[in-house]
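Hi,

Here's the model I promised to pass on. Have a look, and my notes follow underneath.

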Amino acid sequence: MTIQQPKPKRKSAIDAASFDVAIVGAGVVGCAMARRFTLEGARVVLIEKGPDILDGASKANSAILHTGFDAPEGSLELKCVQDGYHEYLAIYGDLGLVHEKSGALVVAWSPEQLAALEGTRAKAHENGVTDVEIITKSALGAREPHLSPNALGAIQVPGEGIIDPWSAPYVYLRQALENGAELRTSCEVTGGDFDGETWALKSSTGTIKARYVINCAGLFGDLLDQALLGETHFHITPRKGQFVVFDKMAHALVSSIILPVPTVRTKGVVVFRTVFGNLAVGPTAEDQQSRTDASTDDLGVSALIADGVAKIPALSHMPVTAIYGGLRPASEKKDYRIKTKAQKNWITVGGIRSTGLSGALGIARHVFALYEQTGASHLALPDPVVPRATILAESAQRDWQADNHGEIVCHCELVTRREIETALNGTLRARSLAGLKRQTRVTMGRCQGFYCSARLAELSEGHFTIPLAEEIGHE
Amino acid sequence: MNNHPLKAAGPIDVAIIGGGPAGLAAATALKQANVARVVVLERETQAGGIPRHCGHPPFGMREFKRILRGSDYAARLVAQARQAGVEVHISATVVEIRPGGELLVAVPEGVLELAPYRVIYATGVREKSRAARLISGARVSGVLNTGALQSIVHLKNRRPFRRPVIIGSELVAFSALVTCRHARIRPVAMIEERPRVIARWPVSLFPRLVGVPLWTGTKLLRIEGEHNVTGIKVRGPDGHTRRIACDGVVLSGQFTPVSSLARSGHLAVDLATGGPAVDQWGRCSDPAYFATGNLLRPVETAGWSWSEGRKTGQWVARDLVGRLPEATSDLQLEVSGNSLKYVMPQNLVLGSPYTGMPDLQFRVDKDVRGTLVALNSKGEIWRKSIHAHPERRLLVSVSEIATTGATGALKFEFREQNP
């Protein structure tokens, strides 16, 4: 298997044969897509313009595996989220992933919201999530004693849980690669021609031929359609979400995911535990034009902290560990924008504005079904390789607990030298600090790199497209 | 794991978490007091603590009666401890502390449990991260604390940027400036949010001497860039916002104790200092644990921490033979109101013939002139006029407070002098 540059003899084979499917965009949806198509027997190439995967919309989310209890009835989103949920539960054990079934509480903070709970409960039952129930204020207090007494009541959704938002797509992609798919990173699709049978995609690193193209370009999906098809059925308006992550001490303050009563536009600000042992609050929902600017601002951050403290007063004493922003590829409609252009051998997977992590596996199944409807068929792999994810969750056995890990480099998150070296040299080589962070959690703890930055600059030398530091020479 | 050197050599009398100046001094003092087995658990690959990556003098006046560079000073402290018979274990990370002194320790070979009679907790301080300071903007490479910058330059001979802005004007900001000069990094400016430079004269003259503008009353608003820093937005004393082009940001100062083991474990933590709550011998809420050095409070010099560590070592040696009074906590101290940041120790045991820390240590958050008063439920019981500066120690003799006759909760407040 090859990653960056295919070996010469293989390259000629590729050029001659070309791929069955080129997937553009290695976010969580692209990774799940590559896995599904590979397992179904297609020859897949996944094309990513960034040096590392998951560097667009997928780099920031609330890491919740949703049941779909509040998704619009009859929507494609509901179908994909529920299919994705079930597939995740079916495969996570084999892939070495985690699922902490913490349950969620949709908490009412006003009489109006309290009155709206029944509607949300009824909708959940219509969506097939039948274990959803309303609980009283006192039951809520007993279950979440640190929640503000201003909470008036709640709906409990036992099936909601938290997962590792990066290890999951990493291992989806690894499964694709270890079963024959290819990945091109730092490779931007700049144009392409379709001759009626095959696409010749022009990219920053050469031409890639594939019979079919799946556009999973997320925040750039409409632009890719426009550039290669000359038209697009949707327009992306990036929606920024800011998040605040509190110190690990805050983890004990809630056991469930605390959801607000949903509005039409957004799921609202959520208080959630992470599998890494933190407690986070977010996201905000701010529409903007820029497709790349995920910067945070004082207003957003202070509003999130205030929101968190209002819901869980003890958060006021908790230090902040991290602040980050992300962009969701929202379109002019709430539902996913998945569409086949059969005459162009093209499927667009657009507008995955939220629930991409929960929906990814289901979206991939749905898109493969669309692909089959166009007449394509492959022989599914009879005995695919099943890789194991890197274990980063606090609840699991980590590498620092194993023998001969070299040294602990990141003291806050207990990341070992062996884990770092594996991420730098393994199947999905980290090419940026951001990529290394997602694969190992280095610098993501309390000190944010105070102690390990120097060692990381040394260990990552020669690996990153933009080095962390340069040698001090004699000038 | 039972043949690991930490497990092999018999029972441990005292384990010290952290091999910086305070921890090494405590360990050395314990050996000098004839305690049999003293081990230092250092999580880095080299002991010595923060001074390891301070390439500059002056270190060692108090300890070695000479002026040393930080790295040489750190090496001497380690050598001195080893010579005294201390076992210094590197790459030994304490991941959990348990009641009674039990420690869970990760070493490269695996995980082991230790059960020393006493533990000295000496993990020091670090500077607050960008996130903890709630600094907004783009999440980019090139935003570092002084400690990280110094490690990159002095331990790895590398340079993360060329033209950074240094944020802050505590002593450590000037240390960052020295490090930059050493690495031929030319800071664009130093900025300080408060109206005056925090560090003392003549250190505060240094930036001008090396041609780096120092702007006070200037607040960092945002960090900009796509992958790396390309600039920052600041608001000056005139209220105007402007952009400074730079390729890095050094976030200096704003030290905070590294007390996560206490926070995630069972020890009482003082929210004011950020470190464990202690009595005048540095004894924590679990009397098997003592704390010392900068972990107790942010922040003092290496020399001060060393001196504290040495005394803590002596007190723990006494405690091992039953010669410290019971941890009765007769007086519980706290600060309230404006200006006062903390008081340490937080608990006093009264009526003991053995003295511990000679002074209560206070900090203020701005220049103040006025009266420090102590109040209990009956009202004011003690007062003293003070003139204090931010980030500089303010000391009040323990015996002054102990002899007021008060017991129970005691609150310190600052009253501004009437103009």
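Which residue in strand 11 of chain B is the bridge partner of Glu470(A)? That would be Arg159(B). Strand 22 (residues 470-471) of chain A and strand 11 of chain B run antiparallel, joined by 2 bridges (strands pair if DSSP finds at least two bridges between them).

Before the rest, some housekeeping: this is a predicted model, where local features need pLDDT of at least 70, side-chain atom pairs count only at pLDDT 80 or more, and totals for chains, interfaces and linings use all residues. Residues are numbered from 1 along each chain as its sequence is written, while chains are lettered from A and ligands numbered from 1 in the order in which they are written.

On the interface: chain B puts in 41 residues and chain A 40, with contact meaning C-beta atoms, placed from the backbone, within 7 Å. On the chain B side, helix 5 gives the most, with 5 residues (helices are DSSP runs of H or I, at least four residues, and strands are runs of E, at least two, numbered from the N terminus).

Inside chain A, helix 2 (residues 28-39) packs against helix 9 (residues 356-373) at about 40°, axes 8 Å apart (axes are lines fitted to C-alpha atoms over the stretch in contact, with angles from 0 to 180 degrees between N-to-C directions). That makes helix 2 of chain A oblique to helix 9 of chain A, since under 35 degrees counts as roughly parallel, over 145 as roughly antiparallel, 65 to 115 as roughly perpendicular and the rest as oblique. Among the helix 2 residues that meet helix 9 in chain A are Val28(A), Met33(A) and Phe37(A).

Cheers
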